[in-house]
Amino acid sequence: MDLKLKQEHQDFRMEVREFLRDNLPEDIRDTARRMFHIDPEPMRRWQRILYDKGWAAPGWPVEYGGTGWSAIQRFIFDEEYCALDGPLPLMMGHGVQIIGPVLYTYGTEAQKAQYLPRILKGEDFWAQGFSEPGAGSDLASLRTRAVRDGDDYVIDGHKIWTSMAHHSNMLFLLARTDPEVKPQKGISFFVFPTDTPGVTVRPIISIDRGHSLNESFYDNVRIPADSLIGEEGQGWTYAKFLLGHERFNIAEIARSKQRIRRLWQIARAMPAGEGTLADDAGFRSRMTALEIDMATLEQLGLRVAWEMDSGVQNMQSASILKLRGSRLIQAVTELSVEAMGYAGLAYHPQQDGSQISPPAPEVAQGKMEEMLFLRAATIYGGSSETQLNILANLIYAEV
């Protein structure tokens, strides 16, 4: 397999770089550099810019408003976007990257017409109702119920880690519709507005003092039957499809490359001995180890992109990328805070929602916040232990 980029890919890179340089607003880039938790307003503004360009959904087929880009092109776009400090897609909710592909793959024509254009334009923010207090990595054990009642379903239950629900007007949710069958067979997939009577959202303030997480409660929530996506009892299949997309995306290959570049900038700004931390042999050794891991992950991501464009279905890829990517995220963010030394200890919330460390150099602002929140990187989207189990089962099945 030849993993070298062709001239057409290099030309595409330059097109992307020029567009982002001229159109990604500096105030949004600055906010993304300083803050992990971003208000929806700048994200809606950026999504509209992408929509006007025709780049609102890089991974979607053209017939649904996507770019029709290859996996390699999406890989390149991510690299250029993160290199300019584009904000995390999570802060736009789960519309484009996660629920969108489920809707255009399994939704009815009416559902596609209703939801997809609003996702593309940034008019809807979506939250994900999957995890529960007793059903996180073991999602098949969820207890939230959906009971058919005439032309409606009635939902009762409790979800946790409902990311961005306080900013979202739409929700996609897994609920048990048949408690008598095998757990994976009795789950269905629903979409409905977050302001439906009976829905309550309560904040979860994470260890970094930020608010992106929530728990949500469903008390006799009545939704129309056409809120069901696909077939009743097939929610587990749709969830696996969705999680495959999520795990590929949250490996954050391009963003980790930018974090490493930023870490070098921090090191060059921090005094150490007669020079800076960047001159220290011990620190450089640790950076070399990170860069080797980064190069390995990048090549794996590039290989997966080539396989996708060649029609190769590699079931292990998403789990490997999530496993290795989340570990690298934590290693880089931890060393970033360590590199700040005592300057990283001061940590004060500001009126705009940012968290600053006043003694630290400007390039280090927001790094403590990022590191603390991303302690969860090896849990969300399927824990590392879950990924190891998936890989072990796949390997065992091939033996």
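Is F172 buried or exposed, and what is its relative accessibility? In this predicted model, F172 has a relative accessibility of 0% and therefore counts as buried, since the cut-off for that term is under 20%.

The ring of F172 has a partner. A pair of aromatic rings is described by the distance of the centres and the angle of the planes. F172 and F189 form an aromatic pair with 6.0 Å from centre to centre and 0 degrees between the planes, and the pair is stacked. F172 belongs to strand β4 and F189 to strand β5, which covers residues 187-193. The two residues are 17 residues apart, and their pair links distant parts of the chain. F189, like its partner, counts as buried, because its relative accessibility is 0%.

How many aromatic pairs does the count come to? The total is 19 aromatic pairs. One of the stacked pairs consists of W46 and Y81, with 6.2 Å between the centres and 10 degrees between the planes. W46 lies in helix α3, residues 40-53, whereas Y81 lies in helix α4, residues 71-83, so this pair ties together parts that are 35 residues apart in sequence. W46 is buried, with a relative accessible area of 2%. Y81 is also buried, at a relative accessible area of 7%.

W46 and Y81 are both members of one aromatic cluster, which also includes F12, F19, W55, W69 and F77. One member of this cluster, W55, has a charged group over its ring: the charged end of K53 sits there, 5.0 Å from the ring centre. An arrangement of this kind is also found at F217, where the charged end of R202 sits over the ring, 4.6 Å from its centre.

The last stop is a loop. S168 lies in the loop between strand β3, residues 152-160, and strand β4, residues 170-176. Is this loop residue, S168, buried or exposed? S168 has a relative accessible area of 8% and is therefore buried. A polar atom of the S168 side chain lies 2.6 Å from the backbone oxygen of M164. Leaving aside residues up to four places away in sequence, S168 touches F125, W126, A127 and T194.

Strand β4 thus connects two parts of this account: it borders the loop that holds S168, and it contains F172, the stacked partner of F189 in strand β5.

Conventions
Residues numbered from 1 in each chain as written. Predicted model: local features only at pLDDT ≥ 70, side-chain atom pairs only at ≥ 80, totals over all residues. Heavy atoms only, no water. Helix = DSSP H or I, 4+ residues; strand = E, 2+ residues; numbered from the N terminus. Buried < 20%, exposed > 50% of the residue type's maximum accessible area, 1.4 Å probe, protein only. Polar contact = N/O pair within 3.5 Å; in protein donor to acceptor, adjacent residues only side chain to side chain. Contact = heavy atoms within 4.5 Å. Phe/Tyr/Trp six-rings, centres within 6.5 Å; stacked < 30°, edge-to-face > 60°. Lys NZ or Arg CZ within 6 Å of the ring centre and 35° of its normal.
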